[in-house]
Amino acid sequence: MLELTDIDAYYGPIQALKNVSLTVNRGEIVSLLGGNACGKSTTMKTILGLVKPRRGRITFEGQRIDRRPPSVVVKAGISPVLEARRLFPYLTVLENLRMGAYTRRDKKGIEQDIERMYELFPVVRERYRQPASTLSGGEQQMVAMARALMARPKLLIMDEPSMGLSPLYVEKVFEIIETVNRKEGVAILLVEQNANMALSIATRGYVLQTGEIVLKDTAENLLSNPLMQKAYLGVA
Amino acid sequence: MFEQLINGLTQGSVYALLALGFTLIFGTLRMVTFAHGEVYMVGAYVGFEIIRLLAPSFMLAILVALAATALLGVIIEILSFHFLRDAPHVTSLLVTIGISILLINLAQLIWGPETKSIPYALLDQLDYGEFEIWGVYITYLQIAVLMVTVLLMTALYLLINKTKLGMVIRATAQDYEAAYAMGVNVNVVFSMAFAIGSMLGGVAGVLIGVYYNLFYPTMGQLYGLKAFSASVVGGLMSLPGSVVAGLLIGVIETFAVEFGASSLRHMISFLFMILILLFRPSGLFGGKELIQARGD
């Protein structure tokens, strides 16, 4: 459903992505792995329309979305969980959810989805009147995921959802990713440093190194790949 | 004494209106505009011409000034901010200083450098009587000024806190990149915030212009500075702070006049602001932001 073909992207004079091609199929969880500054976040930003690629094309369900603003991309059915959560700190939790539904016009559906989020994320219900900044990091990550789901996406792109969270919340986050994927059929592109966790729930994975894809395989094969084990999985 | 308090509140409510506009613009765009006083001046002249040429109606003057200054606000936003988003902040600030000088010169070309007034024959038709409560004289014009400012403040409060547009403005003010990633057209939001802020400034111009019946090209300079100061004293990002600081400054000035320091009134009001900032460097409502959350 999502297809990147030969993407080159630059930050000023520095090339951040070289010839990146990847696909996400309907219903899949795909992990995008790699170390710091390898181009993972740039890939997300390019899909979302925050970074314009210099070369290559991106299609989503047959529609060209490269060089289109996020408003078009979000409407087409791609919703982001941004790096470091990026909640609106002085908006209430509920208002943050409503911002996630910004591109939607169906009032009834939005109210129903808010109820749905309350069920999926109990903490969102408990804290709905509080400013987002008063929540803990883990709670904020829950709100960030709920906000992204409020757009009713067909594809969720998540940028390091486990970053800076306690082990308990990391587990929760991955649990919810699986639930959302299985129960609602939302495809997920997951950018992670936590390769073990990411691959444990993914169907396939890509490994980025200095802006290039150096490995792509099924999650199983990646987990047992000796190169992967050495570089990313922490197996001696 | 009570009479002076009413005078002070009237004057202060207009400062508050100007400061609110400034705060809204700064809070959303993080940009200081030094053309705010000139938006106020343009609003005043528009009101002047409407009353002089069209009809002696306060309301009509305000409505036309609202439309004119909204448009002016969008133009200033595009010139000083839209094309300079990636430039250092000081560039935008300098452009607004340039626009302010340009507007003053344009006003001099159109209306001349001298002070203009609405002819008394027309003023009488605006129904300016006064009435007496407990030995205090209050003019209907003062009541009108107070009512218009309270009305606009209420409207702004409702807009910012109770509407979808208000929520989107607050969200954009807090993290415009995140808002952009949610699909918000942040350029439109920036223009809207600048337009709304300018409308408040334009109405303030009509109110003060008619209140004192004095119109001259540099009439906005001191007011622009007062708006900026009131906004800073209020906490720079706090809408309630702007209102409180504006009212305080108006009252202090009027009392300075009452106690015989008429020529020193601006000095006294700025001295007072310096004092507040010495003790509360982030302003009266610093830390509480425009952007603060509300439950619903």
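Let's start inside chain B, where Ile6(B), Leu9(B), Thr10(B), Ser13(B), Val14(B), Ala16(B), Leu17(B) and Leu20(B) of helix 1 meet Gln142(B), Val145(B), Leu146(B), Thr149(B), Leu152(B), Met153(B) and Leu156(B) of helix 6. Sorted by class, this contact holds eleven nonpolar and four polar residues, and no charged ones. Keep in mind as you look around that the model is predicted.

How do the two helices sit against each other? Two packed helices are described by the angle between their axes and by the distance between those axes. Here helix 1 (residues 2-29) and helix 6 (residues 140-162) of chain B pack at about 35 degrees, and their axes are 10 Å apart. The crossing of helix 1 of chain B past helix 6 of chain B is left-handed.

Follow the chain onwards from helix 1 and you come to Phe34(B), which lies in the loop between helix 1 and helix 2 (36-54) of chain B. Is Phe34(B) buried or exposed? Phe34(B) counts as buried, because it has 21 C-beta neighbours inside 10 Å, and the cut-off for that label is 20 or more. Leaving aside residues up to four places away in sequence, Phe34(B) touches Leu93(B), Thr96(B), Ile97(B), Ser100(B) and Gly224(B). Gly224(B) deserves a second look: 190 residues separate it from Phe34(B) in sequence, yet the two C-alpha atoms are 7.0 Å apart in space.

Another glycine to pick out is Gly241(B), placed in helix 11 (residues 239-258) of chain B. Gly241(B) is buried because 28 other C-beta atoms lie within 10 Å. Beyond residues up to four places away in sequence, the contacts of Gly241(B) are Gly234(B), Gly235(B), Gly283(B), Leu284(B) and Phe285(B). Gly98(B), by comparison, is 143 residues away from Gly241(B) in sequence and 29 Å away in space, C-alpha to C-alpha.

Now let's move to where the chains meet. On this interface, 18 residues of chain B are in contact with 22 residues of chain A. Two elements of chain B, helix 7 (164-174) and helix 8 (176-181), give two or more residues to the side that touches chain A. Helix 7 of chain B gives the most, with four residues. The class make-up of this side of chain B is nine nonpolar, five polar and four charged residues.

Across the interface, chain A has ten helices and ten strands. Its C-alpha trace spans about 45 × 40 × 30 Å along the principal axes. A compact globule of 236 residues would have a radius of gyration near 18 Å, so the 17 Å of chain A agrees with that expectation. Of its 236 residues, 48% count as buried. Among contacts in chain A with a separation of 6 or more, 67% come from residues 24 or more positions apart.

Chain A is divided into domain 1 (1-77 + 153-236) and domain 2 (87-152). The C-alpha centres of these two domains of chain A are 23 Å apart. Where they meet, 13 residues of domain 1 are in contact with nine residues of domain 2. On the domain 1 side, helix 2 (70-76) and helix 7 (167-184) of chain A each supply at least two residues. The largest share of that side, four residues, comes from helix 7 of chain A. By class, the residues of domain 1 that touch domain 2 in chain A are nine nonpolar, three polar and one charged.

Key. Residues numbered from 1 in each chain as written. Chains lettered and ligands numbered in written order. Predicted model: local features only at pLDDT ≥ 70, side-chain atom pairs only at ≥ 80, totals over all residues. Contact = placed C-beta atoms within 7 Å. Nonpolar A, V, L, I, M, F, W, Y, C, P; charged D, E, K, R; others polar. Buried ≥ 20, exposed ≤ 12 C-beta atoms within 10 Å, placed from the backbone. Axes fitted to C-alpha atoms, helices over the stretch in contact; angles between N-to-C directions. Left-handed = near helix turned anticlockwise from the far one by under 90°. Domains from an automatic or database assignment. Rg over C-alpha atoms; globule rule 2.2 N^0.38 Å.
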